[in-house]
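Trainee: I should like to go through the terms applied to this model. Could we set each one against its definition?

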Amino acid sequence: MIRFVANSKHPTDYVRMDNWIARLKDWKSKGLESAWFFVHSYDETFAPELASYFIQKANVELGISLKVPQLLS
C-alpha cells in the first residue's frame, strides 16, 4: 500500500505521481500483481482530481484499465 501525500495540486505532485507510476511499472515487470495507491491531501478538495490523474496515467503506462471516478462539478 502506498500512501501518497499530496501538496494541494502543487506541480510537484504530478511529478512525484509520475515517478510512482514508473516505479510501479518496474515492479510490475518484476512480478508485482497488485498494489494499493491512496491519495491523501491536507486539503482533500484536490484528492479526487489527483486520483483521477493517477488512474488515467497508470492505465496508459501500466496497461491496466482502472475505472476513473466521475468528478462532481
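Trainee: Where does S8 lie?

Mentor: S8 lies in the loop between strand 1 and helix 1; helices (H or I, at least four residues) and strands (E, at least two) are DSSP runs, numbered from the N terminus. This is a predicted model, in which local features need pLDDT of at least 70, side-chain atom pairs count only at pLDDT 80 or more, and totals for chains, interfaces and linings use all residues. Residues are numbered from 1 along each chain as its sequence is written, and side-chain values use heavy atoms, with hydrogens and water left out.

Trainee: Why is S8 called partly exposed?

Mentor: Buried means under 20% relative accessible area, exposed over 50%, and partly exposed in between (1.4 Å probe, protein chains only). S8 has a relative accessible area of 33%, so the value falls in the range for partly exposed. Its phi, near 55°, is positive in a residue other than glycine. K9, in the same loop between strand 1 and helix 1, has a positive phi of about 65° and counts as partly exposed at 27% relative accessibility.

Trainee: What makes strand 1 and strand 2 a pair?

Mentor: Two strands pair if DSSP finds at least two bridges between them. Here 5 bridges join strand 1 (residues 2-6) to strand 2 (residues 37-41), so the condition is met. The two strands run parallel, and the bridge partner of I2 in strand 2 is F37.

Trainee: How do you know that the buried residues of helix 1 line one face?

Mentor: The buried residues of helix 1 are D13, M17, I21 and L24. Seen down the helix axis, they fall within an arc of 80°, so they line one face of the helix; the arc is that of the directions from the helix axis to the C-beta atoms. The face turned away from this buried side carries the exposed residues P11 and S29.

Trainee: What makes I2, F4, A6 and their partners a nonpolar core?

Mentor: A nonpolar core is a set of buried Ala, Val, Leu, Ile, Met, Phe, Trp, Tyr and Cys residues joined through side-chain atoms within 4.5 Å. The largest one has 12 residues in all, including I2, F4, A6, I21 and F54. Helix 2 (47-62) is among the elements that each supply at least two residues, and its share, 5 residues, is the largest.
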